[in-house]
Amino acid sequence: MKRCILILLLSISASAFAQTKPTEACTFVGFESDSQKEPNLAEVNTKTPALMWTACDSPTGCFSLKLDPGSPVLIYRNNGEWTCGYGVDRHGAAPAWFRTKDLRPLKFTTAPPIEAWYGVWKGGGDRVAISASKNAGELHLVGNAIWQGANGNEHFGDAKGNAIPSGNRLHIVDGGCVIDLTLAGKYILADDNQGCGGMNVSFSGFWKRASIGRAVTAKP
């Protein structure tokens, strides 16, 4: 009997430890644009939506949200059982803690062929189209972004420019609008200077390919 009780107590203790949640914040630190460092990306590797925990440094502790299987995550740091990162799915995006075992590292080449850039890429309701320009080895980008606030308040932004990619990086300058893009397989990770449109409008974030082609035009 004593042995059974001991085994039960050890089982409960191990279970409680496994369910312990982080107690520190996973804060948003932006999108990687350092040309000397590749972003650390992963995808949710679960059959059902994975839990992610936010506001873990609040007096009441973490609360959980769900992220769809296959969703991309930009990893900020790893703490053994837990990984802090920025997750995105069809419902929205947020920095949060993930169980490390629920994430699969995303591998991608840093020297993709230029054709790998071609197509229409979507980030929420935003669109970016990338195609071959008239100059050899150069890409042409056209993009539209929107910010939707309360009471039907909307702000718009757009970007257009040509540039030659450097490995899996593309640097676009359109007047006061500057966008840096990193091609990571089926995703583009973008970082802008907040100068590409109205208030709160930004091209920063994850973009996923919606269609492939050479001569394509982005739609607002």
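**Two pockets and a hairpin**

Me: How much space lies in the second largest pocket?
Reply: The second largest pocket holds about 180 Å³ of space. This is a predicted model, with local features needing pLDDT of at least 70, side-chain atom pairs pLDDT 80 or more, and lining totals using all residues. Residues are numbered from 1 along each chain, and side-chain values use heavy atoms, without hydrogens or water. A pocket is an open set of 1 Å grid points where a 1.4 Å probe fits, with protein on both sides within 12 Å along at least five of seven lines (lining: an atom within 4 Å of a point), and the space filled by probe spheres here is about 180 Å³.

Me: Which residues line that second largest pocket?
Reply: By class, its lining has six nonpolar, two polar and three charged residues. The list runs Val29, Gly30, Phe31, Glu32, Lys37, Glu38, Pro39, Asn40, Leu74, Ile75 and Tyr76.

Me: Which strand gives the largest share of the lining of the largest pocket?
Reply: The largest pocket has a volume of about 800 Å³ and 31 lining residues. Val88, Asp89, Gly123, Gly124 and Phe206 lie nearest its centre. Strands (DSSP E runs of at least two residues) β5, β6, β8, β10 and β15 each supply at least two lining residues. Four residues, the largest share, come from β15.

Me: What is the phi of Gly124 in the hairpin turn?
Reply: β8 runs antiparallel to β9, with five bridges joining them, and Lys122 stands opposite Arg127. On another side of the pairing story, β8 has three bridges to β15, where Trp121 partners Arg209. Two residues separate β8 and β9 in the hairpin, and Gly124 in the turn has a positive phi of about 65°.

Methods. Points joined across faces, edges and corners; volume = space filled by probe spheres on them. Nonpolar A, V, L, I, M, F, W, Y, C, P; charged D, E, K, R; others polar. Pairing = 2+ DSSP bridges.
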